[in-house]
Amino acid sequence: MSDRTVPADFVRRAAILAAGAGFDMAAPLSAAGIPLSVLDEDAGRITPEQLTRFTQAAWRLTDDELFGLGAAPVRRGTFRVVCLTMIHCPDLGSALGRMADVIRVVPGLSPLRLEFGEKTTQLHVDMPDRDASVPPEIALAADQLLTDFILMLLHRFAAWLVGRRVKLASVRLPHPEPDPKLARSYDAIFGVPVSFGAERASIELDNTILRAPVIQTEETLEEYLRESPNLLFSERDYDSSAAAQVRKVLERGAAGRVASAEEIAEMLSISAAHLRRLLRNEGTSLNQLREEVLRDAAISGLARGDSVDELSARLGFSEPSAFRRAFKRWTGTTPGAYR
C-alpha cells in the first residue's frame, strides 16, 4: 500500500469555517490525531486515514454531511439515500442523471447539471444561494471548499460505480489558482491539469465511459459507506502523468533512493534526458519526487507510531538528527509535532 499523504489544507479550511459556524473542531481534530501545529504550516501533510477520521468525527459532531459548510444542513444519511437511487441504474450516464434529478429536491445540496456534447459530457456544479447574513468572504471560502469536495466525490464515486478508472478530459474550478505546490496536488487528485478561474465548476468525461455498466450492488454500497470517505481521499489511480509513473517506481524501491534516472527511464521505455524534460514540463524533478516519497513515508510512519530512530534507519538516513532536519524542511515542523 502506498504511504501517500494529502495536504492538510482541506482540514485547515474546514476547521476554520466550521468553527465560524459555531462548531468546535477540537474533538474531530483530536479523534484524527491531527495537531494544530500541523495545520499552522503551509507545508503540513496528513494521511488519508487521518482525513477520514476527521471527516467522520465532524459528521457526528454536526449531524451534517457538509459539517456546517453548506447553505443549509444536509442530514446524515442523505448521501446513502442518493446512492440507493443510483445503484440499480444500468450504466454510469443514467446513474449521474438520476443523481442530478434527486439532489435537485434535497435542501443544501449543490445542483448538478449534465451538458451533453458530441464526444464529451460536462458535469456542472453550482453552489446554492446562501443567506444574505453570511459575510461574503466566509461564503466564498465555504463555496470553494465544497466545490473541491463535491468534484472529488463525483469523480471517485463514478469510478467506484463502474469498477474502473474514469479518465477526465478536463476539470475547471471557479476560484483563483493556489500556490504551485497545492495546484500540483489538484492535478494529481484528478489526473489531469486543473484550470482555475473558470465561470463555473465542472468535470468533463468522455461519452464512452457513460455507457459503462454499473457493477455495484446495495450490499457493496453498504460496505463502501461504512468506510466513507476513505476511498475518496486515498484512491490515487487516476494520475497518469510522468511524475506519477516515476513516483510509483520510487515507492517500490527502498525508501525511494534506489533507482537512478537511467534505471527509471529504462523501466518507462524512454531516455533519461526525455524523462527529465517530461518532469521539468510538469514542474517537478526526480530529486523532488524522491523527497516527496520520503516525506510521505515518514509522515505515515509517525502516524502509525514508528519511532524517529526506526524511520531514520528505514529511510536510509545516516543518523536520526539528519532525519529530523529533513523532516523540518519537508513539513515546516518537527517529527514530534506529528506524534
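User: Quick one to start: is S269 buried or exposed?
Analyst: S269 is exposed, at 66% relative accessible area (over 50% is exposed, under 20% is buried, and partly exposed is in between, using a 1.4 Å probe and protein chains only). Keep in mind that this is a predicted model, where local features need pLDDT of at least 70, side-chain atom pairs count only at pLDDT 80 or more, and totals for chains, interfaces and linings use all residues. Numbering runs from 1 along each chain as its sequence is written, and side-chain values use heavy atoms, with hydrogens and water left out.

User: Where does S269 lie?
Analyst: In the loop between helix 13 (261–267) and helix 14 (272–281) (helices are DSSP runs of H or I with at least four residues, strands are E runs of at least two, numbered from the N terminus). Its phi is near 60 degrees, a positive value in a residue other than glycine.

User: Which other residue other than glycine has a positive phi?
Analyst: D63, with phi near 55 degrees. D63 is in the loop between helix 4 and helix 5, and its relative accessible area of 30% makes it partly exposed.

User: What about H274, where is its place?
Analyst: H274 is in helix 14 and is partly exposed, at 30% relative accessibility. Its C-alpha is separated by 10 Å from that of A261, and the two are 13 residues apart along the chain.

User: OK, confidence. What does the protein average in pLDDT?
Analyst: The average is 86, and 94% of the residues score at least 70 (pLDDT is the predictor's confidence in each residue, from 0 to 100).

User: Which element has the lowest mean, and which the highest?
Analyst: Helix 11 (residues 230–234) has the lowest mean pLDDT, 66, while strand 7 has the highest, 96. Where pLDDT is low, the predicted coordinates should not be read in detail.

User: Switching to the sheet. What order do the strands have?
Analyst: The open sheet of five strands runs 3-4-7-5-6, with mixed pairing (two strands pair if DSSP finds at least two bridges between them). At the edges sit strand 3 (112–116) and strand 6 (194–195), each pairing on one side only.

User: In what sense do strand 5 and strand 7 pair?
Analyst: Antiparallel, over four bridges between residues 168–172 of strand 5 and residues 201–206 of strand 7. There, S170 is opposite E204.

User: And what joins strand 3 to strand 4?
Analyst: A hairpin through three residues. Strand 3 and strand 4 (residues 120–125) pair in the antiparallel sense over five bridges, with L114 facing L123 of strand 4.

User: Now pockets. How much space lies in the largest pocket?
Analyst: About 990 Å³. On a 1 Å grid over the protein atoms alone, a pocket is an open set of points with protein on both sides within 12 Å along at least five of seven lines, a cavity is a set where a 1.4 Å probe fits but cannot get out, and lining residues have an atom within 4 Å of a point. Points join across faces, edges and corners, and the volume is the space filled by probe spheres set on them.

User: Which lining residues of the largest pocket are closest to its centre?
Analyst: Of 37 lining residues, K181, R184, S185, Q288 and E292 are closest. Helix 8 gives the largest share, seven residues. By class there are eleven nonpolar, eight polar and 18 charged (nonpolar is Ala, Val, Leu, Ile, Met, Phe, Trp, Tyr, Cys and Pro, charged is Asp, Glu, Lys and Arg, and the others, including Gly, are polar).

User: How does the lining of the second largest pocket divide by class?
Analyst: Into 18 nonpolar, five polar and four charged residues. That second largest pocket holds about 610 Å³, and W59, E65, F79, R80 and L153 are the closest to its centre among the 27 that line it.

User: How many cavities of 30 Å³ or more turn up?
Analyst: Two, in a search of the whole structure. The second largest has about 40 Å³ of space, and its lining has six nonpolar, three polar and two charged residues. Among the lining residues are L66, M127, R130 and D143.

User: Last one: which residue does the T5 side chain join by a polar contact?
Analyst: D296, at 2.4 Å between the side chains (a polar contact is an N or O pair within 3.5 Å; within protein, one must be able to donate a hydrogen and the other to accept it, and residues adjacent in sequence count only if both atoms are side-chain atoms). T5 is in the segment before strand 1 (6–7), and at 1% relative accessibility T5 counts as buried.
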